[in-house]
Amino acid sequence: MRVTLKAATGTANHIRPRAWRRVLGALLLLTLVGAAAWRSSSRARDPRWELVEAVGRKRYFEARLAGGFRYGPLIDIQRAAPPGRSSAPTQGPVRDWALLAAGAHLKDRFGTSLNLTDRTALAAAHLLLGGADESIAILETLTKEAQAAGHSDSTALSDLAASYLVRAERPDHAEDLPAALEHASQAAEADPGNREALFNRALALERLHLAGEARRAWKEVAALESDEEWRGEAERRASAPISPPGDARILRDRVVSALDSGEALEVDAAVRGSVEVARRVLISELLLDSNAIPLQRALDLARSIARVTGDESDTDLVKERMGREGERVRALCEAWTLYEARKRAAAAPLVDSLVADRFAPGIVRLWSRYMRNALLQNKDLARAVADQERLVAELRRGRYRVVLGRSLWALGIMLVSKGDSARALETLTEARAVLESTGQQEFVPYMDLMRAEAFTELGNDVLASEALLTSLEGRSRLTDPARRLAVLVSASQESARRQQPRVALAFLDEGRPDARADIAESLPLQWVIDTARARERVSPESGLSDLKGADGLLAKIVDSGTRERMAHELSVARAELSVSRAAGGTLAAVRAGLETTQARQAGFRLPLLRLNEGRLLAEEGRFSEAAVAFEAGLKALEAGPDLPPDLAYSLASRSHSLHGYLVECLWKLGASAEGTLAVASRAYRVPSPTQRWKPADGALAADEAVVAYLETPAHVAAWVLRSSGVSQFTLAPMPAAAESLGQVSARLIAPLRPRLSGVRRLVVVPGEGLRNLPFGELPYADRKAVADSFDLSLAPSMEFAMARPPATRGGASRIVILSDPATGGRAPRLPGAAREAAEIRALNWAGVESPPDGREWQRAAHGAGFLYIGAHAKLDPRRPSRSRFLTGPDERGDLTLDAIRGTDLTSVSLVVLAACRSADDAGKNASGFSLALPFLDSGAHAAIGYVHDLEDSDGAAFVEILRQVGAGMPPSRALRQLRRAPKWARAAAQMRLFAPLSM
């Protein structure tokens with residue numbers, strides 16, 4: 001029994017370890033399977049899981065992406081720079097194979113996905129692999145789609161802010177920092193718990209040198225962050241030392257104390273703290289006193305200023321005050337004090353008498369002429385410029401560099417006001433150098449601010465942004481609170497122009513401590529008005545509260561002309577903000593603003609005010625009166641054909657809103673379909689005095705139709721024009737971005753199908769929110785798309801849709817090819833475009849011309865039959881009129897929209913725009929197709945472009961279009977055939993044809 005038992009026991013002892021191992025193995029297997037299943041399900045939930053795993057604790061840039069990326073030390077990697085440029089930090093790894101594999105996997109899986117989560121993950125992959133531009137392009141599209149659907153996606157907005165922060169590290173993308181702040185703020189507003197968005201917002205504020213705002217933002221991040229390492233970084237950044245701005249009163253007391261000590265070294269040190277404050281003490285305190293002791297102190301201070309600046313003008317002034325010319329110098333000091341306090345009306349008589357005094361000493365006349373010319377600026381700009389130029393020429397030959405610097409500054413401001421931006425830039429740059437060399441560094445930020453304005457007017461947004469940021473960095477040097485505030489207000493205005501209200505508000509809030517009660521001129525009132533306008537854009541019900549107390553500031557303004565101008569600004573601001581429902585009597589506020597605007601003939605504001613008036617009337621149910629207000633707004637728009645191009649584009653979006661509201665009123669008043677269509681048909685036209693197409697008379701053919709869409713406040717309106725009459729439809733509101741093409745078609749196309757029976761040629765005039773909708777891809781019937789069911793084209797307005805240019809000519813015709821032009825290194829070469837050009841030349845053309853740049857293109861294009869442009873396109877969303885094709889080594893050789901509009905293209909059958917986004921809309925709010933429209937304006941019969949970024953190899957599809965059209969096929973039919981060919985179907989899906997019915 002024992003043996004058996006022993007044997008049994010021995011057997012048992014021998015088997016137990018194996019069984020235990022099996023149990024452990026099974027548990028481990030289950031754990032691994034569970035982990036794999038969990039990771040697989042996580043990947044299914046969030047496709048960026050692979051990126052998070054591949055990145056690990058490596059950190060390629062400071063900004064944070066959503067998705068749970070872990071904290072790690074920043075990696076500094078250098079990538080080879082383009083020829084002629086120094087290398088810069090990259091936006092991603094070079095040899096991180098795990099990340100490359102994860103990114104490639106995401107691109108393969110989700111490159112064509114329409115799912116929001118997949119596309120944000122794809123954008124993150126692009127950013128981590130160094131493709132900031134690609135990431136921004138994807139995320140901007142996503143955010144636009146979300147906005148069109150009436151919601152915001154916090155993850156996409158935060159990642160977009162991160163992408164802008166990464167791209168801002170490049171030397172030519174400083175303007176991306178305000179954009180990063182704008183999108184990070186929107187993301188944090190949409191989801192206050194989004195830690196990555198708050199981190200990116202704080203980082204943007206820090207890089208914009210908004211120290212106070214940045215510190216508060218980092219503290220907010222630290223309070224919310226649960227990860228110890230990310231929280232530690234936020235706490236470190238929040239406690240980093242920040243240099244406070246200088247204060248004029250502290251510096252003034254330091255100068256006086258140094259003078260009391262009698263130590264020359266202490267006086268020199270105090271003067272170096274601020275030459276301007278020292279001169280203010282000298283002129284406004286010491287030289288105005290008749291006592292001999294203050295005058296001796298004045299001489300000590302003037303000699304110290306001369307040692308610091310190398311300029312003897314202050315010493316000479318004191319010597320004249322102590323000598324026979326004491327009263328004249330005293331009068332100059334009194335005038336200077338009034339001038340510095342911006343009391344122009346009181347300063348002018350004193351200054352004029354000193355300028356006219358033939359016996360006044362030279363230094364008195366020089367300072368008086370400088371002040372007189374600056375005072376003249378608003379009243380007689382031409383005379384002020386001429387006098388100031390003579391004064392500057394005289395000072396250049398003399399030894400008074402302090403007066404020269406101030407005079408150059410004044411001349412630069414005058415030239416900016418005059419619109420001579422190129423000369424203003426040269427003058428301000430010289431003023432900056434002179435002021436800095438004479439120890440007046442506190443004025444350098446102001447010079448940078450003015451230079452930014454001049455760069456903006458010259459169309460160089462990159463240098464304008466750099467100058468503005470440099471000005472913001474140095475604003476702590478400005479000891480005058482009014483001037484420091486001026487920098488911030490101007491920065492806010494530039495941000496507002498770039499449609500970044502939260503950035504504008506951040507700048508204005510940063511300036512709030514400087515808006516003290518002792519600044520009693522127009523600047524604080526302008527600050528209040530700008531703050532109110534910016535806040536209203538962020539929070540529609542908060543703007544009016546900022547205007548309380550503005551009347552008190554207005555009463556402090558001494559100069560009557562300034563008071564009148566600011567009263568108008570205040571009245572218009574109240575009118576603009578009155579629609580926020582924050583207070584009663586809003587209609588009265590709007591009408592008061594209208595009254596002052598009409599009195600000042602500020603016509604460009606009338607449409608906006610009329611729009612607000614009509615909206616308020618419509619809300620009260622007074623539709624007849626509202627329709628009158630909207631009509632008046634439209635007339636104000638149409639009365640301004642000589643407006644600058646960008647203002648015309650901006651007002652065109654107002655035109656769309658005015659038309660939408662007016663159509664809504666007409667419906668409620670029982671107007672006919674023909675009547676509402678007559679109003680809607682003008683909704684999308686951008687005013688163009690050179691337009692060569694005119695609407696044609698005569699009925700449509702039986703197989704022709706025009707479909708026009710217009711968004712109203714409550715619906716989408718649609719009209720179908722047939723030879724048998726006009727039909728009007730009321731459709732559901734704008735489709736959500738997440739809807740499939742089938743759902744979009746069910747909303748926008750299916751209700752119109754009965755009226756499209758028998759149609760062969762169809763022109764669609766899309767509405768404001770539908771401009772980039774792929775109408776050709778929408779399902780129609782029998783599993784066919786719209787583009788397969790009709791000869792389809794688009795038109796930017798009814799005016800173009802109904803035009804009847806001569807029919808397209810077949811056979812041989814002259815073609816002008818602008819292909820892969822030399823851009824002087826501004827953009828990479830396009831070998832695909834060069835190959836396309838060679839193929840086009842081999843076709844049967846009566847003649848081929850290949851101009852080298854945009855200037856020669858204008859000459860060659862006149863009288864041509866076809867145009868082909870294979871080049872880089874630059875779309876400017878802030879100033880659509882400055883969009884262009886890069887066709888020369890510098891901007892002078894580029895093909896601009898103005899140059900296109902100035903060319904007679906009435907002989908051109910087809911324009912082929914083989915360029916990125918050439919069928920896209922350049923402006924966020926501008927109406928019309930910015931790169932195709934000028935060709936139609938100039939008389940071209942049709943234009944075809946590409947909606948998204950065009951791969952260089954995909955341009956060959958445009959050659960096939962030209963082959964067919966050159967043989968006599970209408971462009972719409974050629975594009976239709978291209979869609980059906982497997983070889984070209986992908987590229988053809990992104991093409992858009994703009995042409996009238998007869999094409």
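**Note on S918, the internal cavities and helix α33**

1. Setting aside neighbours within four places in sequence, S918 makes contact with L913, L931, A932, G945 and Y946. The model is a predicted one, and the points below should be read with that in mind.

2. S918 belongs to the loop that runs between β14 (910–913) and α40 (933–937). Its relative accessible area is 1%. Because the cut-off for a buried residue is under 20%, S918 counts as buried.

3. The side chain of S918 also has a polar partner: one of its polar atoms lies 2.9 Å from the backbone oxygen of L913. L913 is thus listed among the contacts of S918 and supplies the oxygen of this pair.

4. On the protein as a whole, 43 helices and 16 strands are assigned. The chain has 999 residues, and 55% of them count as buried. Of the contacts between residues at least 6 apart in sequence, 67% link residues at least 24 apart.

5. The model contains 11 cavities of 30 Å³ or more. The largest encloses about 190 Å³ of space. Its lining consists of 18 residues, and those nearest its centre are G776, A787, L792, L975 and M991.

6. Which elements each supply at least two residues of the lining of the largest cavity? They are β7 (791–794), α42 (971–980) and β16 (991–994). The largest share, four residues, comes from α42. By residue class, the lining of the largest cavity has 11 nonpolar, three polar and four charged members.

7. The second largest cavity holds about 130 Å³ of space. Its lining is made up of V55, K58, R59, Y60, F61, A63, R64, L65, F69, R70, L128 and W230. Eight of these lining residues are nonpolar and four are charged, with no polar residue in the set.

8. In helix α33 (residues 673–680), the buried residues are A673, T676, L677, V679 and A680. They lie on the same side of α33, because the arc they cover around the axis is only 160 degrees. An α-helix has 3.6 residues a turn, so residues three or four places apart point the same way.

9. For checking against the model, two places are suggested. One is the loop residue S918, with its 2.9 Å approach to the backbone oxygen of L913. The other is the lining of the largest cavity, where α42 gives four residues.

Terms used. Residues numbered from 1 in each chain as written. Predicted model: local features only at pLDDT ≥ 70, side-chain atom pairs only at ≥ 80, totals over all residues. Heavy atoms only, no water. 1 Å grid on protein atoms, 1.4 Å probe; cavity = no way out; pocket = protein on both sides within 12 Å on 5 of 7 lines; lining within 4 Å. Points joined across faces, edges and corners; volume = space filled by probe spheres on them. Nonpolar A, V, L, I, M, F, W, Y, C, P; charged D, E, K, R; others polar. Buried < 20%, exposed > 50% of the residue type's maximum accessible area, 1.4 Å probe, protein only. Polar contact = N/O pair within 3.5 Å; in protein donor to acceptor, adjacent residues only side chain to side chain. Contact = heavy atoms within 4.5 Å. Arc of directions from axis to C-beta.
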